[in-house]
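The following paragraphs lead through a predicted model, starting from a single residue and moving outward to the whole chain. Please keep the sequence and the structure in view while reading.

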Amino acid sequence: MAPKRKRSARAATTPEPVESVPTGPALVSSPEEARALIRRVSARKKRRVVYTEEVIVDEEDVPESQSKQDSGFESPLTELDEEAPAEEASPKKKRARRKKNAEPVVYDIPPVETKETTFRGRLGYACLNTVLRAMKPEPVFCSRTLRIDTILKPEFGMDYCKELGRRNVEDLARLIQWNEENHIKFLRVSSEMFPFASHDKYGYTLEYAEKELKASDLARRYGHRLTSHPGQFTQLGSPRDVVVEAAIRDLDYHCQMFRLMGLDQDSVMIIHMGGMFGDKQATIERFKEVYRTRLTDEMRARLVLENDEMCYNADDLLPVCEELNIPLVFDYHHNWIYPSELPIPELIERINAIWHRKGIKPKQHLSSPCPGAETVMEKRKHADRCYELPPELPDDMDLMIEAKDKEQAVFHLYRIYNLHPVIHENLRPEKPAKPFPRMLKEEAAAQEAAGEAATPRKRTRTAAKLEELPGQFPSSPRARSRLK
């Protein structure tokens with residue numbers, strides 16, 4: 001058989017000398033052009049590649065003695081290796097997957113300092129159960145949602161959007177059953193139960209999920225109270241009619257949900273008055289007009305207001321609520337930040353009178369500020385748990401605990417005041433509180449003043465903004481763009 005030829009490349013041992021580039025007047029006319037030309041010349045050494053031809057023949061056409069010499073292995077050590085018995089190639093080992101620990105995790109739950117109370121009402125939490133949300137492989141939660149971009153994709157569309165709502169309702173029944181087993185009879189339902197149900201373009205009615213919603217009548221049979229809290233954009237006092245229309249659609253969506261679930265008047269919808277829009281009294285008057293003329297009887301029957309911590313305190317809302325017969329949810333945390341002039345006992349007495357006139361059980365909100373909060377913005381942030389009940393709390397009151405640890409915050413108060421027995425397997429330890437960015441800067445400054453090395457911490461976006469002190473020009477392009 002004719003020998004085959006293969007081209008192989010070998011690098012020359014000596015590099016090719018780099019030719020110098022003249023920069024005289026023949027090539028350039030100014031020193032600037034000369035410097036630019038010098039910069040374009042690479043300083044790397046070029047290597048010359050020389051190609052040679054190598055003859056390759058088949059082993060069948062060459063004697064055995066010649067094949068050993070032409071094979072390129074002429075060392076005596078190679079011959080010894082060839083005479084030795086060939087070792088069998090070891091099979092490739094597969095990585096053993098680490099087995100999951102099937103044993104349940106045992107948490108270290110520290111004891112609590114017990115206190116006394118005469119309170120015998122219901123404590124509740126908002127929207128999410130942390131124990132059920134962490135279940136594997138199928139978590140239980142009621143706020144599956146999506147983006148409009150997903151709705152517009154042919155493989156998803158509105159059918160997928162509605163299916164998410166159906167699954168949310170199915171998990172709501174599981175969540176209510178878990179609450180019953182753990183002595184929690186008060187729950188705020190997520191407003192994202194049915195994604196985009198109140199949207200002006202992609203909105204839809206809830207009759208398609210009537211069967212699943214009726215299955216959630218566990219709350220009625222167990223005597224649980226379900227409420228809702230439409231979002232911050234539900235503002236009936238807005239000067240923009242498009243905002244008011246969206247708010248009315250949102251209230252209608254929540255009414256549909258409670259109606260199909262067969263819930264009574266205790267299932268209320270809590271909203272804030274919203275922004276002041278430059279004129280607080282004018283905003284209140286717009287709210288009154290919308291409430292009287294544009295809301296349905298069902299909406300007015302379930303709508304309640306809540307005092308906030310920035311614009312409208314209890315003193316601002318109580319006259320409106322008494323005039324329109326709208327119940328008022330008193331929030332202790334908000335009143336601490338933006339206090340009313342009236343004493344709390346007098347406020348609660350007048351507020352409860354409105355609830356009783358409408359035949360609805362009163363409810364209140366409780367949350368705690370994070371440790372170390374000083375500014376108003378820091379005080380607004382909710383802590384993971386609450387550690388005491390307010391002294392002004394009526395004995396028979398539905399109290400919503402607005403804390404980050406959700407049902408664990410309720411269990412914590414159960415243990416402190418011995419309100420209900422708790423299942424130890426469902427308890428989770430409290431995480432240490434995260435310091436505010438201001439506290440981190442103060443700590444670093446104190447360490448620097450003491451001559452100690454600052455403790456390295458993960459740089460966050462908030463910390464990056466704080467580093468841009470007044471009088472200094474921001475270093476990042478994104479930060480500079482904010483000044484324009």
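**From one loop to the whole protein**

The loop that runs between β7 (303-306) and α12 (314-324) is the place where M310 is found. Is this methionine buried, partly exposed or exposed? M310 counts as partly exposed, because its relative accessibility is 40%, a value that lies between the limits of 20% for buried and 50% for exposed residues. On the surface, M310 forms a nonpolar patch with V376 and M377, and together these three residues present about 280 Å² of accessible area.

Cysteines offer a second point of entry. C311 has a relative accessible area of 18% and is therefore buried, since the cut-off for that class is under 20%. C370 is likewise buried, its relative accessible area being 12%. How many disulfides are there in the model? A disulfide is a covalent bond between the sulfur atoms of two cysteines. When sulfur pairs within 2.5 Å are sought, the count comes to zero.

Seen as a whole, the protein contains 19 helices and 10 strands, and of its 484 residues 37% count as buried. The accessible surface of the protein amounts to about 30700 Å², with 52% of this area belonging to carbon and sulfur atoms. As for how the chain meets itself, 75% of the contacts between residues at least 6 apart in sequence join residues that are at least 24 apart.

Notes: Residues are numbered from 1 along each chain as its sequence is written. This is a predicted model: local features need pLDDT of at least 70, side-chain atom pairs count only at pLDDT 80 or more; totals for chains, interfaces and linings use all residues. Side-chain values use heavy atoms; hydrogens and water are left out. Patches are made of residues with over 30% relative accessible area and no salt bridge: like charges are joined within 9 Å, nonpolar side chains (Val, Leu, Ile, Met, Phe, Trp, Tyr) within 5 Å. Accessible areas come from the Shrake-Rupley method with a 1.4 Å probe; for residues, only the protein chains shown count as cover. A salt bridge is a side-chain nitrogen of Lys or Arg within 4 Å of a carboxyl oxygen of Asp or Glu. Helices (H or I, at least four residues) and strands (E, at least two) are DSSP runs, numbered from the N terminus. Buried means under 20% relative accessible area, exposed over 50%, partly exposed in between (1.4 Å probe, protein chains only). Contact means heavy atoms within 4.5 Å.
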